[in-house]
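Reader: Please take me closely through one sheet and the helix that packs on it, and then set that part beside the other packing in the model. I would like each term explained when it is used.

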Amino acid sequence: MTQTAATTEESTGPPAAAAVEDVRKIYGRGDSRVAALDGVSLAVPQGRLTAVMGPSGSGKSTLMHCMAGLDTVTSGRVVLGGTDLTGLGERALTRLRRDRVGFVFQAFNLVPTLTALENITLPSDIAGRRPDRDWLDRVIDAVGLRDRLGHRPSELSGGQQQRVACARALAARPDIVFADEPTGNLDTASGREVLGLLRDAAHLHGQTTVMVTHDPAAASYADLVVFLADGRVAGRLADPDADTILERMKSAGSPA
Amino acid sequence: MILLRLALRGLAAHRLRLALTAVAVVLGVAFTSGTLILTDTMERSFTRMFEGVDADVDAVVRAEQAFSQQAGPSLGAGPGLPADLAEELAEPEEVEGVYPVAEGTAALLGPDGEEVGGQGPPQIGTTWHGRPGSGVALTAGRGPAAGDEFALDEGTAADQGLEPGDRAVLRFPDPGGGQVDEREMELTGVFRAGEVGMAAGATVAAFEPETARRLLLGDPDRVTEFHLVGDDAKSQWQIADSVAPVLPLGAESLPMDIVRDEETGPLLEVLGFFEVFLLTFAGIALFTASFLIANTFAVLVARRVRELALLRAVGASQAQVRAVVMGEAVGVGLVGSALGLAAGAALARGVLAAMGAAGVGLPEVPLRLTGTSAAVAVAVGVGVTLAAAYVPVRRGTRVPPVAAMRDDIGATTAPVTGAGRLAAGAAAAVAGAASTAGGVLLAGGDAAPWLVGAGAALVLLALAALAPVLGRPVLRAVGAPLPRLWGLPGRLGRDNALRSPRRTAATAMALTVGLGLVAAIAALSASAEESVDRRIDEAMGADLAVVAEGFDRSVPPQVVEEVDGAPGVAAVAAVRVGQLEVAGAPAMASSGDPERLARAASLDVVEGGGGFSEAGMMVSQDVADERGWRVGRDVPVVFPDGTEAELPLEGVYATGSLVSADHLLSPEAYTEYFDDDLVAAVYVSAEPGAADRARAAVDTALEGAPGAEVLDRGEMKERNRESLARLTGTISAMLVLSVVIAGLGIANTLALSASERVREIGLLRAVGLSRVGLRKMIRLEAVVIAVFGALPGLGVGLLFAWALHKVLEDEGIVVFAVPVGTLAALLGASVVIGVLASLWPAWRASRLDVLKAIATE
């Protein structure tokens, strides 16, 4: 399934669109102290679909939140497109999310009172920017929702909703798109559509994307899989397919 | 743009949930705008009523008035002017017409022999000139020309079914206080005064000039005033000034505009007080509504945490998210204000119609909605909504963007009590207590009532702030018997009320405000009642009191002579009244014999004590202390006709007698300086064992004297109780709206809670709770909230009433009474309010589809 991308070594690959260096995220203190991230370092290659995998509690969602400027780190550095996020204020983080980051969440991706089209253009509307019409048309065609643009989220199926969310993330042409279990709530067929969309965005338009998932089938769409366990990086796998991922997961699951 | 769109869509999406909030705004704004429209329309009505009448008159010549007469009984016709002044007034070339006017009281008697209009509206008798341009136009018949003819205003004639040619009886009280004159006269014409006619209920009878002078003033050679019609090219001032050289001493000439302002001024002032009175209650209603608004928005943002977090995640700043929700608040405010304005106009129309139906209507004019009123109504509606929504919205929109992705964060609620809330609540409580205590300690001072009022407001605010914390034990106590009485539904109802203390407290506090004020008024009224009862028991030495019916009446003086010496009557003490200026300040004075008043009305002369030796005066202890006056000095006094005199101070009397005025003139001084003879009260003591005979004698004397009635002690108490009850009833009625809004608030909270707990309700139903049980659960939650709101309200109300009683002790509220029955009734009413408020939310919750409810995310 994953014969498309060229075989690249991480070190010699494209420049990093985002990077984290020795990031720690500690919740609570004293006895209830939990390290959700415990010294994670990672580079996200430009123009590629990167998957972050790991079991529940491995810290993969936390990592993504921190990379996207949704959450702050306890120590370490997070760099996004050359900007160091650590130390940025709330205002700057808001601008960063608005102008340079796109999101696809597992659920509740859309503002229920806005139509599909309005949801897609929401980030640029908030920023007060005029969306790029040509690009917007291409994105809408890519997600195949031209005839559903006037519908409210409640009138769309789960897969359609998630495709609208993808369109929203892509329409603003962000530096990087973060997708948090984008197929978690979808049936297999819808899930495949969404994953295909994200991969095409990376390969056809050079859209850097980071996807968090615990589903090997979903991760197999990625160019690079990063395994996370107990708040640490437990391994990397380039150009994976579902079988190699499963294999790696088994070995990662056993004590090192 | 997108923010506006989001706000509008949000409004549309939550319109059901916002409906009750909007209703609360509508009610508050309707009250406010209704008041403004009503008073504006009444003002226009008053002005228009005077506008057309005597439109051609340029100046008025009348006897000089030392000071304007406003308060108390209308003090007779005044000295007037000689009728033959007319010839001299006509001399200046600026003057084209001189119209002598005699004015007084003329009551039309209906077929039943009773006065038309009763004791309320004025019964005016005036002079018929029938000149074109006067604004008084005949609509039927002709003007009166002979001594036994009269014309009548259109409204009264239509009301009484009188037509020209009919005969009717008119009653003329002697302005000098003599015998009432009644005579049958022929109606020759019906007229309309001014553009809009007269106030409903008022009767105006007009007579040929000579007849008017004789009947209304009792003197064919005098008139009340002259109306001058002048050269159109001259100003009113020029015309008024032109006759100055011929004016006798004590007469003045004034432009008509000034005179008209004098007439309308006091009316407009009363209207102003009326407006402030109503607006106060509108303000209380809006304050109550603010609790409901705050609750709704708190729940609304809490339920939309993920949506708001999503906006944050895709790059909206906190300010932008807040702007979206506040935009919805603006929408609610605007819609509520617009509907409220419409409702206010309807309300004003309704009140005017009711006034008309009650016979006290004003001439009909179109409703007057000024731009200012509309702007105020909208500003108030939007302002209150925004102010109430701001804090919960600010708190609720502080969501981290991560909340869009996490299930757990949406569920976390803000801590029940921040340190800031505790500190603010405690500070308000301390300040409120201090202010109230200050008011009580400074009792008698001008600031005292304000201090107490501010104290009560602060205590209420402190309660609102602290209720979420302090409320828990109270809620637990209120809810304690429920599980035992109603089993599982009772337990669930109690626990639900305890679940969100902040919301429960805010909901309950709205009721606290309304019920607290009602309780305060009830307690104060009960205290006043007992105080007056005690005063009557202690101070009334006489057996009977003859008093005037109505404020603008007096007891016919001949009653005093008739009763004095009648069989069974041991002693009579008459109190006369007059208005004067004492040492530069306007004052009401009583007049009577101190010795007689000492027995009949407990007048206690503490200084001097020798009674009056000449035309002298006494003052109350209060005035003596305030002015530093001692017996023996002379007091400068000005009487209504302008006479100045120095009266020797011959005594000082203690407060607490039935003579409430601060100045007491000797009977000699009264006769000498007042033209009128106005008897306010006659105290009659019976001979031992002859109470019935004395009463019969008084009744006989009153038969020929309409406008006065006799009361014994019990009847006096009853009379006082009735007027207090009317006042209490009026104020309570004004507060009903606040209580209604508080009830809406409870319904709102229950509906919001039920919609939040859809899954839980589904679960309860799934495991076997019946619809009836579910409704019971919600009903009991409502009752717990209502009682929780009522209890502190009653407490604060009592405290407030007690403090006011302390402040007003000198004014005669010497007893503090706790109206236990009323308080119990209010508590019962709160239970009923709770049950009523729960009907709709409980019905809705019980209709939930169990399966769908469980499946809801």
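Author: Two strands are said to pair if DSSP finds at least two bridges between them, where strands (E, at least two residues) and helices (H or I, at least four residues) are DSSP runs numbered from the N terminus. This is a predicted model, in which local features need pLDDT of at least 70 and side-chain atom pairs count only at pLDDT 80 or more, while totals for chains, interfaces and linings use all residues. Residues are numbered from 1 along each chain as its sequence is written, chains are lettered from A and ligands numbered from 1 in the order in which they are written, and side-chain values use heavy atoms, with hydrogens and water left out.

The sheet in chain A is open and has four strands in the order E2-E1-E4-E5, with antiparallel pairing. Its edges are formed by E2(A), residues 34-45, and E5(A), residues 83-84, and each of these has a single partner strand, so one side of each has no neighbour in the sheet. Strand E1(A), residues 16-27, and strand E4(A), residues 75-80, run antiparallel and are joined by five bridges, and among these strands' residues A:Ala19 has A:Val79 in E4(A) as its bridge partner. Helix H1 of chain A, residues 60-67, packs on this sheet and touches E1, E2 and E4 of chain A, with a direction that makes about 60° with that of E2(A); contact means heavy atoms within 4.5 Å, and axes are lines fitted to C-alpha atoms, for helices over the stretch in contact, with angles running from 0 to 180 degrees between N-to-C directions.

Chain B offers another view of strand pairing. Strand E19(B), residues 617-620, is joined by four bridges to E21(B), residues 644-653, and these two run parallel, whereas three bridges join E19(B) to E22(B), residues 663-665, in an antiparallel arrangement. The bridge partner of B:Met617 in E21(B) is B:Leu649, and that of B:Val619 in E22(B) is B:His663. From E19(B), B:Met617 and B:Val619 point one way and B:Met618 and B:Ser620 the other, and all are buried, a word that means under 20% relative accessible area, against over 50% for exposed and partly exposed in between (1.4 Å probe, protein chains only).

As for helix packing, the axes of H9(B), residues 318-357, and H10(B), residues 371-396, come within 8 Å and cross at roughly 145°. B:Glu328 has its place in helix H9 of chain B and, at 0% relative accessibility, counts as buried. Beyond its neighbours within four places in sequence, B:Glu328 has contacts that include B:Leu6, B:His14, B:Phe297 and B:Arg304.

The largest nonpolar core, a set of buried Ala, Val, Leu, Ile, Met, Phe, Trp, Tyr and Cys residues joined through side-chain atoms within 4.5 Å, has 74 residues, and B:Phe31, B:Phe281 and B:Leu511 are among those with the most contacts inside it. Helix H23(B), residues 771-807, gives the most to this core, with 14 residues. Another core, of 66 residues, lies apart from it and includes A:Leu42, A:Cys66, A:Leu228 and B:Val314.

For the setting of these parts, chain B comes to 25 helices and 24 strands, and 51% of its 857 residues count as buried.
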